[in-house]
Amino acid sequence: MSQPIPLVIVGAGGHGRSVLELVRLSGTHQVVAFLDDQQSPGTDIMGVPVWGSSTLLNELPARGVQAAHVAIGNNRARQALSERVRAAGLTLITLVHPRAFVSPTAVLGPGSAVMALAAIGTEAVLGDGAIANVGAVVDHHAQVGAYGHLGTNTTMAGGTCIGARAWLQAGSAVGYGVRLSDDEILGPGEGRA
């Protein structure tokens, strides 16, 4: 069996900690550190040290790390930091929880995250850096734009499309064929038919 690949998670908040658990369960990577602009260097987060702020991205290759995942819920911040990860020459890692379902015909963009019990259907697409949170459903042929964010228990029916950085908050749903524009937000429990 091959050794897990060293990985740094950018963002040590709630989503970052959930991503750490995902990685530990999947076994494909070993999280060696967090980078976080709010935490002090040396802080221990669930047994993983914070090396410092995101200003350290360019130093990661010298520390033996070539891979990073940006685990920040704010769509614009996640996009900006993902661009910095790429500029530092690092690989943006896509992560899938072992208790999620992803169709073999679905496409997941670099840096996307599919959390526990999420389902990504036939020929669905998650753009770069998109998040499908716990229990989210992206049905057949649905498309999530780059850095889109599906909150817990959200539903995208077949053929739906949400734009870049769009956010479906917890429990919201879009009906068949609905399209949401870039940066559009549906509130908790809100539906669009």
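## Ground rules for this model

Two strands count as paired when DSSP finds at least two bridges between them. Strands (E, at least two residues) and helices (H or I, at least four residues) are DSSP runs, numbered from the N terminus. By that rule, strand E18 (residues 161-162) and E21 run parallel and are joined by 2 bridges, with Ile162 standing opposite Leu180 in E21.

The model you are looking at is predicted, so local features need pLDDT of at least 70 and side-chain atom pairs count only at pLDDT 80 or more, while totals for chains, interfaces and linings use all residues. Residues are numbered from 1 along each chain as its sequence is written, and side-chain values use heavy atoms, with hydrogens and water left out.

## Two domains

Let's start with the overall layout. The chain splits into domain 1 (5-93) and domain 2 (94-186), with bounds that come from an automatic or database domain assignment. Their C-alpha centres lie 22 Å apart. To the contact (heavy atoms within 4.5 Å), domain 1 gives 19 residues and domain 2 gives 21 residues.

## Strand E1 and its partners

Strand E1 (residues 5-10) runs parallel to strand E2 (residues 29-35), and 6 bridges join them. Leu7 has Val31 of E2 opposite. E1 also runs parallel to strand E5 (residues 67-70), with 4 bridges between them; here Ile9 has His69 as its bridge partner.

Together with helix H1 (residues 14-26), E1 and E2 make a right-handed β-α-β unit. Right-handed here means that, with the strands pointing away from the viewer, the path from the first strand over the helix to the second runs clockwise.

## Helix H1

The expected span of a helix is 1.5 Å times one less than its number of residues. For the 13 residues of H1 that gives 18 Å, and the end C-alpha atoms are 19 Å apart, which agrees. Buried (under 20% relative accessible area, with exposed over 50% and partly exposed in between, using a 1.4 Å probe and protein chains only) are His15, Gly16, Val19, Leu20, Leu22 and Val23 of H1. These buried residues cover an arc of only 160 degrees around the axis, which puts them on the same side of H1; the arc is that of the directions from the helix axis to the C-beta atoms.

On the face of H1 turned away from its buried side, you will find the exposed residues Gly14 and Leu25. Just after H1, Gly27 takes a positive phi of about 75 degrees.

## Helix H2

Helix H2 (residues 75-87) also has 13 residues and an expected span of 18 Å; its end C-alpha atoms are 18 Å apart, which agrees. Its buried residues are Asn75, Arg78, Gln79, Leu81, Ser82 and Val85. Among the elements covering them are E1, E5, strand E6 (91-92), strand E13 (131-132), strand E16 (149-150) and strand E19 (167-168).

## Two open parallel sheets

One open sheet has 6 strands in the order E8-E11-E14-E17-E20-E23, with parallel pairing. Strand E8 (101-102) and strand E23 (191-192) are its edge strands, each pairing on one side only. Within this sheet, strand E14 (residues 137-138) and strand E17 (residues 155-156) pair in the parallel sense over 2 bridges, and Val138 stands opposite Met156 in E17.

Another open sheet, also parallel, has 5 strands in the order E9-E12-E15-E18-E21. Strand E9 (107-108) and strand E21 (179-180) stand at the edges with a single partner strand each, so one side of each is left without a neighbour in the sheet.
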